[in-house]
Amino acid sequence: MTTAQTTELDVQPTPLALLLLGREADPKSERGVECPGDLPSPSDPDLVARARAAKEKLGDKVFVLGHHYQRDEVIQFADVTGDSFKLARDAAARPEAEYIVFCGVHFMAESADILTSDDQKVVLPDLAAGCSMADMATAEQVAECWDVLTEAGIAEQVVPVSYMNSSADIKAFTGKHGGTICTSSNAQRALEWAFEQGEPSATKVLFLPDQHLGRNTAVRDMGMSLDDCVLYNPHKPNGGLTAEQLRNAKMILWRGHCSVHGRFSLDSVNDVRERIPGVNVLVHPECKHEVVSAADYVGSTEYIIKALEAAPAGSKWAIGTELNLVRRLANRFAPEGKEIVFLDKTVCFCSTMNRIDLPHLVWTLESLAEGNLVNRIEVDNETEAFAKLALERMLALP
Ligand code: SF4
């Protein structure tokens with residue numbers, strides 16, 4: 001048998017590696033394509049002044065959205081901050097803004113395009129700012145999964161529930177198949193609604209793409225057992241499940257996760273409790289089930305902010321969510337005597353969120369101010385119509 005010799009010269013950069021470098025294109029990936037323009041140097045001392053001048057020149061024509069996980073250098077130019085759904089709604093409430101600059105990731109800009117008017121143009125400052133979780137469920141994989149469910153004779157009993165953190169294609173699939181979108185704040189209400197869509201004991205939910213949010217909501221908040229949940233692996237034939245396993249499940253969880261929240265472990269929780277006696281552990285529901293089970297409090301980004309606002313002086317908190325936000329909250333509440341630390345010992349930024357930096361923002365605002373529409377994110381009409389249907393079902397949740 002001959003073994004292929006691999007030399008350094010044979011090694012080709014993978015499309016993913018090129019995307020992470022901000023080069024090349026992969027239309028199938030959330031991580032988008034290369035940035036077409038010449039970015040200002042990150043060391044340019046005038047970047048802040050340039051961003052301010054371009055924004056002033058654009059006036060009411062531009063509305064800058066800043067996701068909670070964005071860097072401080074970008075957040076300072078945000079007209080509004082929040083989670084992805086709140087930001088998309090804020091943009092829709094500003095119809096006079098022709099340009100919506102979304103400092104966040106690709107799926108968020110898609111959602112903003114779906115919810116805003118046709119006259120509003122949504123712009124993502126770096127097209128390589130995607131979301132690894134959203135990339136874990138492609139339209140082809142989900143269509144294949146539906147075939148597997150049909151084969152197993154259960155598709156008619158299955159209601160898809162998709163997390164906001166999914167591509168427009170997945171949202172459209174959800175709308176087309178009678179399902180709804182959820183956020184980390186309303187996942188329980190979305191699941192309750194889904195189980196009411198048919199005979200409750202026979203109905204099943206296909207939860208996309210974050211297994212942890214699905215499992216945590218079903219087990220922690222709704223009293224289901226871990227055995228009620230099965231994990232569908234899109235990289236295995238039939239999802240790695242037998243027809244019997246699918247038929248017996250209540251929750252069919254897609255095998256996706258957030259690379260940031262998925263890093264926290266039970267050790268992180270035990271370790272911080274040892275280091276900081278009396279600490280309150282507060283984590284996001286995208287964390288693993290064992291982490292959520294060991295935490296004192298669990299909730300969405302907005303819940304985390306509100307909990308810290310309401311916390312008494314002298315209290316200590318270890319937060320399991322993205323580091324940019326935790327650092328900002330630690331600085332904000334330090335003068336009130338609240339001690340806030342990051343749950344893990346190693347730093348854990350969302351690398352794709354961090355792609356949006358001041359040079360990209362300056363380039364975007366200056367291009368728009370000169371009349372050049374760059375990096376527009378536009379969802380096609382059919383996808384938009386079905387995705388909107390799923391989003392509207394979420395808005396109608398009790
Ligand atoms: S924090 Fe996680 S879910 Fe959010 S954009 Fe980054 S990878 Fe995606």
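In this predicted model, the buried residues of helix H8 pack against helix H5, helix H7 (139-151), strand E5 (158-163), strand E6 (180-182), strand E7 (204-208) and helix H17 (381-395). H8 itself, spanning residues 168-176, is mostly covered, with eight of its nine residues buried; these are Ala168, Asp169, Ile170, Lys171, Ala172, Phe173, Thr174 and Gly175. Just after H8, the backbone at Gly178 adopts a positive phi of about 80°.

Helix H5, one of the elements against which H8 packs, also belongs to a crossover that begins at strand E3. Strand E3 (residues 99-103) is largely enclosed by the rest of the structure, because five of its five residues are buried. Tyr99, Val101 and Cys103 point one way from this strand, whereas Ile100 and Phe102 point the other way. E3 is joined to strand E1 (residues 62-67) by five bridges, and the two strands run parallel; within this pairing, Phe63 has Ile100 of E3 as its bridge partner. E3 also pairs in the parallel sense with strand E4 (residues 121-123), over three bridges, and here Tyr99 stands opposite Lys121 of E4. Between E3 and E4 the chain passes through helix H5 (residues 106-115), and the resulting β-α-β crossover is right-handed.

The parallel strand pairs for which bridges are counted are set out below.

| Strand pair | Bridges | Bridge partners |
|---|---|---|
| E1 and E3 | five | Phe63 and Ile100 |
| E3 and E4 | three | Tyr99 and Lys121 |
| E12 and E13 | four | Lys316 and Glu339 |

The residues of E3 also figure in the nonpolar interior. The largest nonpolar core has 113 residues, and those with the most contacts inside it are Ile100, Phe102, Ala112 and Val283. Leaving aside residues up to four places away in sequence, Phe102 touches Leu65, Met108, Ala109, Ala112, Val122, Val123 and Leu124. In soluble globular proteins, nonpolar side chains tend to be buried together.

Elsewhere in the chain, four strands form an open sheet with parallel pairing, in the order E11-E10-E12-E13. Its edges are strand E11 (297-298) and strand E13 (339-342), each of which pairs on one side only. Strand E12 (residues 316-320) pairs with E13 in the parallel sense over four bridges, and Lys316 has Glu339 of E13 as its bridge partner.

The model also includes a ligand, around which there are 13 residues; of these, Cys131, Met133, Cys258, Val260 and Cys350 come nearest. By class, the shell around the ligand comprises eight nonpolar, four polar and one charged residues.

How values were computed
Residues numbered from 1 in each chain as written. Predicted model: local features only at pLDDT ≥ 70, side-chain atom pairs only at ≥ 80, totals over all residues. Near = placed C-beta within 6 Å. Nonpolar A, V, L, I, M, F, W, Y, C, P; charged D, E, K, R; others polar. Buried ≥ 20, exposed ≤ 12 C-beta atoms within 10 Å, placed from the backbone. Pairing = 2+ DSSP bridges. Right-handed = clockwise from strand over helix to strand, strands pointing away. Core = buried A, V, L, I, M, F, W, Y, C linked by C-beta atoms within 7 Å. Contact = placed C-beta atoms within 7 Å.
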